[in-house]
Every structure is written in structure tokens, then in C-alpha cells.
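Dear colleague,

Please find below the structure that I am handing over to you. A summary of what was found in it follows.

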Amino acid sequence: MRMTRKNRELKLIFGLIVVLFAAFLAGPILLLLGKSVWNGGLTGEFYGSVLAQDGFLAALGNSFAVAAASALAATVLAFLLAYGVHYTRLPGRFKGFLRAAATLPMFLPTITYGFAIIYSFGKQGLITRLLGRQLFDIYGFWGLMVGYVIYTIPVAFLLIHNTMGFVDKKTLTVSKVMGDGPLATFWIAVLRPLLGTLAGAFIQAFFLCFTDFGIPASVGGGYKVIATLLYNQMLGGIPDFNRGAVIAMLMLVPSIGSICILQLLERFNIRYNRISDAELRRNRLRDAGWGISGAAASLGILSIFAVIFVVPMVEEWPYKTGFSLEHVQAVFSDGSLLAAYAHSLIMALLTAALGTLVAYGAALITARSTLASGYKRVIESIALVTNAIPGMVLGVAYLFLFSGTSLQNTLLLMILCNVVHYFSTPYLMMKNSLSKMNAGWETTAMLMGDSWLKTILRVVTPNARFSLIEVFSYYFINSMVTISALIFIAGARTMVLTTMIKQLQYVNRFNEVFVLSLLILATNLAAKALFAWLAGRGNSRIFNKRKREGIKQ
């Protein structure tokens, strides 16, 4: 009887999740597909006209070229930073600095990267003035590449960093004992186990670069890419929704291809029966080399963002460089900018709350239920599909489906969009966490007379506290920095900080842009610190509780 009730509760959770994704993922994408092939009947006219459109194939080629170059550079730099953390005897604080520098860009919206590049490397930029010359043309390929590399280093670093933590370090010793040379040891003990992850980092970085809108919006210039074409087609002077739908559907092709390749790369991941963290031998030359490399990469990242702190704190860059808080005061006295900040906070908090519930419910079905495999396959398929849908495509689809409805231009629609868009990673985080817990908890609780829901609330949830906080943090931070989807669905009364930054760009109010960027950065760093403290506090409570129980026994 209790097992039937448990399955009924799980089926209810499953039903709610399916309804959510049917309404806010499948429905919009199917409508988008329909818009691209329907003109009173099925037609390929729109696809033909887009492919023949002047500049489309050039923009597509540009997107592939700059995304591939940026992904390769980001993967190499991320590897350098991760290697310095895992395979050297550099001081712990220095390793912490490398980790912080590699992940800092995650806390800022991508549109800010472009403005930071302009004010760093432009003709009157901070770095240009320090060096006495402009290093490169900031508008076009090189500006995009610098922005994309900064954007994707955090993702590539976290993937490589996490995998390096599960590589058996004893293979270094074994390889040396076997008489292998330094290069052979480096290949056998470091590169070979990471091949799948390195390829995965490249593919993930490529996907993010190809579909990003924020960076091309600021430094794309005359170098057209697919994301700017889609924006201009949908929100330009003369919108063309059918051809915009075609471009959106074509953007899905490399996205889906990327996900398929990532699935194939799984077979290259090496799994160890036991992981040993062997003590690395002292090698000053190795540590100095990797330390200098890591420091150079980190300082390169930080130097670009330094301008965000400098420009809004002076009277008028670059002509009057005296210290002034005038621009900061102007932002905090502007009601529309404060309203956008309030909207961002509300959207991020509600997205994190709802998204955490959805990810937790989905993970309970796949990791801690006896439901038929069909239910679990549906959840896994949803996670796979959401991972392949670019934010811009989802935003365009929502623009079509919800125009003229009560959801148009509302914070609720933006929240639901973020929950759907970012579902894949939080779901996998929760699934991995729940899978590692004792599989017999629910059965034991049932025998003791507890219902399934009580067991989840009293036993599973407290033990999943750390992962739940991580998921909440992931949703919150990504909601604060996202722009690709929201640019199509935010209204004049529901502007958030990232869409407001885009509006300020049109009127050249860059001081306000940087102040708002600092506000996003400060909010995300404060939130990250709070979530880390809550997670640490929860873990210490669990540890102390188990310690007391051990003493009693």
C-alpha cells in the first residue's frame, strides 16, 4: 500500500515536470519549427531565402571560425591553470588565486566583457595607455576571440579541474619507475586520462561561443556572426519572424551536434578503481614554470576586468582621471536602474527556488525511485534537450508563443525561461548527489512506518543539503548574468540589469554600464559567499550530529 502511495507521489512529481517542459520547452520549439516551414502550407521557401541571403553563409563561417579558435585557446589556458593547481607544489594560497581568477568571469554578464575590452584595449583604453600602443583591433575577430576566451575559461577550467581531482596521481610514479621520459610520463599520467574531458571542454566552449549574443553585441563591429544576424532579424528595423525562425532553427544544428559528440566522448573517460593522491616530488623548475604560466593567464584575465573598477570611479575617462563617485551616485539615484536591480534580484531568487525544486524532483525520479525505466528516460531526455537549446533560440521561441498572452513581458515568463534553460546542469548535480546516498533509506523508513514524503523531508533532504545549496547558487548566479534569452522577452516594465545594460549601450552611458556590472559582480560574490557559509554550516552540523551519535553508541 505504502509503495503504491510512494509511486503515486513520484508520478505526480513526474507529471508536473513533464507539463512544465511541454509548455515551456517542447511547445515553443515546435512553434518555432512551424514558423520556419509554414506559409499557408509546408514550404522550404524561408530556408532557401535565408541560405541565399547576402552575408548569411559568411556570418555562419565567421561564427564557426571564431568559436573554434576561442574554444581551443580557452581549453589550453584552462588546462594550464588546472595543472598548476593539481600537479605542482605551489603554495595553497597561490592555487586559490588561480582558481578564483579562472572562475571570476562567471559572475559577470557576457555583454560586460565586450565593454571591458573596449575600455582596456581601445585607442584610449586603460591597457593601451599603460603600454603606449594599441595591441589589436578590438572590433571584429580578435575582440570577439578575447571576449569568448574569457567567457569560456571558467567552464573549461571547472570541467578539467574536477576531472583532474579523480585522476590517480600514482601513475606518475609508476611511469617514472618504468623508465619513461618526461614527455611520455606527461602523456601517460596526465594527458591520456584527460583526453575525453579536454575534448568535452573544447566542445562545450565552442557551443557557448557559437550561441552567445552579449559579446558580439558590444565588440562584433562589422564582423557578422550568426547571433547578431538572429537579433537583427527579430528586433531590427524591419523584423522578419519567419526568416528569424529559420536562423534560430539553424543555430540548433551545431548545438545538437555538440551534445551528440559529448555523448560519444564518454567512452574515452578513464575510470579508476581506486584514486591515490600521491605526494609530488619537489621540483623548483616545474613549479616556477607552471607558476609563471598560471600567474600570466590569471593576471591577463584580471587586467581586462580592472577597467570596470577604474572607469566609473573617475570624473570622465580618459580626459579627467580624478577620483569621483559621481557615476555611482547617479546610478543609485536613478529609479529605473534601481527597479532593474530589484527585478534582477527577484527573478534570480525565484528562479533559484523553483529551479531547485524542479531539479530535485527530477533527480528523485531517476536516482531514488522504483518507477519504470520509461519515466527515467523521459527525464534524461529533457535534460539532454535543454542542454542543446541556446538561450537565444529559447528567447525567440517564447517571443512567438507568448506574444499577446498574459505572460508576455512578465517576470514570471523570464523565471520559467531560466528554469528551463539552465535545468540540465542542476539536475545532473542533484542526480549524482542522490545516487551516492544509501539506497535502503526509503525501505528502512517504510518498514518503520514513515511515509515516502516524510523520509524524503527528514532523511534524504538534510543529507542532500550541500547539493541543494549548490543548485540554488547555480541558478541564482546564472539568472543574474544571463541576457541571450531575456533580450527577447523582457519588457519596458520588467527590465533586468543585463537587458538594461544593453539599452544603456545605445545611448553611450558606459559609466552606468560599469556601475551596474559592479553591482552584478558584488551581488553574485556576496551570494556565493553566503551559500558557501550555509553549506559549510550544514556540513558541520551533520558532522557534529554523527560524532555525538558515535559517542552514544
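Among the elements that cover the buried residues of helix α4 are α3 (56–86), α7 (141–164) and α13 (284–310). Please note from the outset that this is a predicted model.

Helix α4 itself runs over residues 92–103 and has twelve residues. From its first C-alpha to its last it reaches 17 Å, which is close to the 16 Å expected at 1.5 Å a residue. Which residues of α4 are buried? They are Lys95, Leu98, Ala101, Ala102 and Thr103. As background to this pattern, an α-helix has 3.6 residues a turn, so residues three or four places apart point the same way.

Turning to the protein as a whole, it has 25 helices and two strands. Of its 553 residues, 51% are buried. The exposed area of the protein is about 25,500 Å², and carbon and sulfur atoms supply 63% of that area. Among contacts in the protein with a separation of 6 or more, 80% are between residues 24 or more positions apart.

One residue was examined individually, namely Val481, which lies in helix α22 (residues 465–481). Is Val481 buried or exposed? Its relative accessible area is 11%, and because this is under the 20% cut-off, Val481 counts as buried. Leaving aside residues up to four places away in sequence, Val481 touches Met106, Phe107, Leu108, Pro109, Thr110, Thr498, Ile520 and Asn524. In addition, the C-alpha atom of Val481 is separated by 9.4 Å from that of Ala348, although these two residues are 133 residues apart along the chain.

With regard to cysteines, the structure holds zero disulfides. Cys209 has a relative accessibility of 2% and therefore counts as buried. Cys417, at 0% relative accessibility, is likewise buried.

Finally, a word on confidence. The mean pLDDT of the protein is 84, and 88% of its residues reach 70 or more. Where is confidence highest, and where is it lowest? It is highest in helix α18 (residues 411–421), at a mean of 96, and lowest in helix α20 (residues 441–447), at 61. Over residues 546–553 the pLDDT is below 50, and this stretch has one contact in the model beyond near neighbours in sequence.

Yours sincerely

Terms used. Residues numbered from 1 in each chain as written. Predicted model: local features only at pLDDT ≥ 70, side-chain atom pairs only at ≥ 80, totals over all residues. Heavy atoms only, no water. Disulfide = S-S within 2.5 Å. Buried < 20%, exposed > 50% of the residue type's maximum accessible area, 1.4 Å probe, protein only. Helix = DSSP H or I, 4+ residues; strand = E, 2+ residues; numbered from the N terminus. Expected span 1.5 Å × (residues − 1). Contact = heavy atoms within 4.5 Å. Areas by Shrake-Rupley, 256 points an atom, 1.4 Å probe, with all protein chains shown as cover. pLDDT = per-residue confidence, 0-100.
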